[in-house]
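Trainee: Hi, do you have a few minutes to look at a model with me? I'd like to talk it through piece by piece.

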Amino acid sequence: MRTSNIALRLGLFVVLAATSVALGQTKELTASEQSYREARRVLDAGLAAYGGLDALRTIENFTIRHEGYTGHRNQSRRTDAPYERTPLGGLLIVEPRRGRVYHTNKGSYPGGFNWHWGIMTNGREAARVTFLERRINSTQALPPQFMRGRLRWLPHNLLISALERAVQLRSMGRANYDSRPHDVLTYATEDGAQLTIYLDARTHLVSKFELLGSDPYFGDSVQEIIFPAHRPVGKFQVPTARVTKILGEVVEEIPYAEVTFNTTYGDEQFKAPEGFIAPAAATAEAPPFAKLAEQVYMIRGGGYNVLAVGFADHAMVVETPGGDATSREVIARVKELLPGKPIRYAAVTHHHDDHAGGIRTYIAEGATVVTTPGLRAFFERVAAARNFTLQPDTLTRAARPLVLETLQNGKRVFTDGTQTVELYDIGSGPHMDEMIVAYLPKEKIIFQGDLLNRPEDGHLAPGNATTAHFADWLKKSGLAVERIVGVHGPVSTVDELHKAVALMQN
Ligand SMILES: [Zn+2]
C-alpha cells in the first residue's frame with residue numbers, strides 16, 4: 001500500500017518536474033507549486049534535523065515511558081481554569097511495520113474515578129483491558145487511526161507521513177510561536193483531518209501541530225499538541241514532553257520519562273495479559289429507549305442515558321449529554337414518545353461535557369435550563385457563545401435567548417398533580433460542589449449522573465468515593481427508591497449501589 005502510494009506520488013512529481021523543464025525559464029510557478037516547493041524545503045530540513053530520512057526509516061519500533069498529568073477541562077469541580085490536575089502515566093510501544101501497538105495509561109477523574117487501561121494489538125488480534133478489574137473489555141480490531149495517532153507521539157513520524165502525502169503538502173509561510181519564528185506546513189491526513197505543523201525556523205524541529213475542531217460549548221476550537229523541547233536519543237531527536245491544549249487550556253502534560261528505539265519485543269507483549277476475565281459475549285446493543293413507567297422514559301443518545309418525563313401539557317428532560325447531534329437525536333425521540341408535549345425544562349446534573357455538552361440544542365428548542373446557582377454563569381457563557389462557524393449548531397442556526405432557573409435551597413419540585421419530579425442538590429461531594437439528582441416519588445426512581453457509573457456490559461464494578469458519598473446522601477434523604485437510573489450504564493437497584501460501595505471498600 002505504502003509503496004504504491006509513493007510510486008504514484010513520485011510519478012506525479014516527475015510529471016510536474018518535466019513540465020517545468022519543458023516550459024523553461026518563462027514558466028511562472030502556480031500558487032500550489034510555489035507553496036508545495038516551499039513546504040518541501042521545510043519538510044526536508046525537518047527530516048534532516050531529526051536524523052535524516054534513511055536513518056529514520058531504520059526505526060522498527062519506539063518505546064515511550066511517560067508520566068504527567070491530566071488537566072480536567074469540562075471535567076473539574078470548577079467551570080473555569082485552573083482545572084483540577086490528576087497524575088497520568090503509562091507506557092507506549094509502537095511498531096508500525098508489524099502493526100503492533102501496546103499502550104497502557106493510568107490516571108483518574110476527580111472524585112475517585114481511577115482508571116488503568118491497556119490497549120494492545122499484534123496486528124492480527126487486539127484487546128482493550130482494564131488492569132484494576134483484570135478484565136478484557138473488548139477484542140474488537142483497532143481502527144487505523146489508533147496507530148496513526150500513536151505514531152504522532154514522535155513528531156518525525158508527522159514529517160514522514162507528510163512526505164508520503166506530499167501531493168497535499170503546502171506551506172503556510174512563517175509564523176511566530178513561543179516568541180520564535182516558525183515555518184508552518186499543512187497537509188491532509190489519511191483520516192481527512194488537516195494538520196498544521198510548526199517547525200522552528202532555526203532548529204527545523206517541530207514545536208507543535210494543530211487541528212481545528214468544534215467544542216460543544218464554545219464552538220470553533222483549536223487543539224494544539226506541543227513539543228516544548230527536544231533532546232537527542234542516539235542519532236535521533238525526540239521531544240522532552242507532549243502537551244495538549246484545547247482553546248488554549250492545557251488538558252494534558254506528559255513529560256517523556258524515557259524514549260528508546262528498536263527494543264526487541266516478543267509477540268506476548270502485544271497480547272492481553274494472562275488470566276484476565278474474557279469479555280462478555282457480544283451483548284445486544286442497548287435499545288434506543290426504555291419505558292420505565294407511564295410517561296417516563298430512559299432514552300439512549302450518543303451512548304448516554306437521558307431521562308424524559310411527560311407532564312399534562314409538556315415534557316421535561318434530565319441531562320443533555322454529548323453535543324448538538326446527540327441532543328437532536330434525543331429530542332426527536334422525546335417528540336415521538338411524548339407527542340404534542342413541548343420540552344419545557346432541561347435539567348442537568350452537573351456541567352461536565354458528557355452530561356451537559358448538548359445543552360445549547362435545548363435552549364434553541366425553547367426549554368428552560370435548570371441547574372444549580374454555582375453553574376449559572378457558566379451556562380450563560382455557553383448560551384452566549386457565537387463562534388460556531390466550523391460546525392454551526394442548532395442554536396447558531398436558530399438563535400434564542402437563554403431562560404435559566406436555579407434550584408433554591410437545594411430543591412425544586414415540578415408537578416402537574418399527577419406526575420412529579422423532584423430535583424435535589426446533594427451538595428458538595430468528591431466529584432462536584434453542587435450535584436443535582438432527579439427523584440420520581442410515584443415511581444420510586446432516582447436519576448443521577450456519575451454517582452453510580454456501571455459498565456455497559458452490566459457487571460457490577462467497584463464504586464468510588466463519589467459513589468459512597470451518594471449512598472450516604474441517599475440514606476440520609478429518606479427517599480424511597482427502588483431503581484437507580486444513571487447516565488452511564490444500565491439501571492441498578494439500591495442493593496447494587498450498596499454492593500458497589502462494598503466492593504470498593506474491600
Ligand atoms: Zn462528571
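Mentor: Sure, let's go through the domains, the strands and the cores in turn. Keep in mind that this is a predicted model.

Trainee: Got it. Which domains is the chain divided into?

Mentor: There are two: domain 1 covers 31–270 and domain 2 covers 289–505. Taken over C-alpha atoms, their centres are 35 Å apart.

Trainee: And how many residues does each domain bring to the contact?

Mentor: Domain 1 gives 17 residues and domain 2 gives 24 residues.

Trainee: Which strands supply the domain 1 side?

Mentor: Strand 4 (113–121), strand 10 (206–215) and strand 11 (219–226) each contribute at least two residues to the side of domain 1 that touches domain 2. By residue class, that side has six nonpolar, eight polar and three charged residues.

Trainee: Let's stay with strand 4. What does it pair with?

Mentor: Strand 4 runs antiparallel to strand 5 (residues 126–130), and five bridges join them. One bridge links Trp117 with Thr130 of strand 5. The hairpin has four residues between these strands, and Gly123 there takes a positive phi near 95°.

Trainee: Where does strand 5 go from there?

Mentor: Strand 5 also pairs with strand 6 (residues 135–138), in the antiparallel sense and over three bridges. Thr130 turns up again here, standing opposite Arg135 in strand 6. So Thr130 is the bridge partner of Trp117 and also faces Arg135.

Trainee: Which residue has the positive phi in that second hairpin?

Mentor: Arg134, with a value near 50°; the hairpin of strand 5 and strand 6 has four residues between the strands.

Trainee: Switching topic: which residues touch the most other members in the largest nonpolar core?

Mentor: Leu307, Ala308, Val317 and Ala346, out of 62 residues in that core. Leaving aside residues up to four places away in sequence, Leu307 touches Met298, Val317, Val318, Glu319, Ala438, Phe447 and Val485. Another core lies apart from the largest one; it has 24 residues, including Ala39, Val42, Leu169 and Leu195.

Trainee: Why would nonpolar side chains be buried together?

Mentor: That is a general tendency in soluble globular proteins.

Trainee: Back to strands, then. What is the order in the seven-stranded sheet?

Mentor: The order is 16-17-18-19-20-21-22, in an open sheet with mixed pairing. Strand 16 (289–293) and strand 22 (404–406) are the edges, each pairing on one side only. From one strand to the next, the twist averages 25°.

Trainee: Is strand 22 parallel or antiparallel to strand 21?

Mentor: Parallel: strand 21 (residues 368–371) pairs with strand 22 over three bridges. Within that pair, Thr371 has Thr406 of strand 22 as its bridge partner.

Trainee: Which strands does helix 6 lie across?

Mentor: Helix 6 (residues 324–337) lies across strand 16, strand 17 (296–301), strand 18 (304–310), strand 19 (315–318) and strand 20 (343–347). Relative to strand 17, helix 6 runs at about 150°.

Trainee: One last bit: what about the sheet of six strands?

Mentor: That one is open too, in the order 23-24-25-26-27-28 and with mixed pairing. Its edge strands are strand 23 (411–415) and strand 28 (492–493). Inside the order, strand 26 (residues 445–448) and strand 27 (residues 483–486) run parallel and are joined by four bridges. In strand 27, Gly486 is the bridge partner of Gln448.

Trainee: Great, thanks for walking me through it!

Notes. Residues are numbered from 1 along each chain as its sequence is written. This is a predicted model: local features need pLDDT of at least 70, side-chain atom pairs count only at pLDDT 80 or more; totals for chains, interfaces and linings use all residues. Domain bounds come from an automatic or database domain assignment. Two residues are in contact if their C-beta atoms, placed from the backbone, lie within 7 Å. Ala, Val, Leu, Ile, Met, Phe, Trp, Tyr, Cys and Pro count as nonpolar, Asp, Glu, Lys and Arg as charged, and the others, Gly among them, as polar. Two strands pair if DSSP finds at least two bridges between them. A nonpolar core is a set of buried Ala, Val, Leu, Ile, Met, Phe, Trp, Tyr and Cys residues joined through C-beta atoms within 7 Å. A residue is buried if 20 or more other C-beta atoms lie within 10 Å of its own, exposed if 12 or fewer, and partly exposed in between; C-beta atoms are placed from the backbone. Axes are lines fitted to C-alpha atoms, for helices over the stretch in contact, and angles run from 0 to 180 degrees between N-to-C directions.
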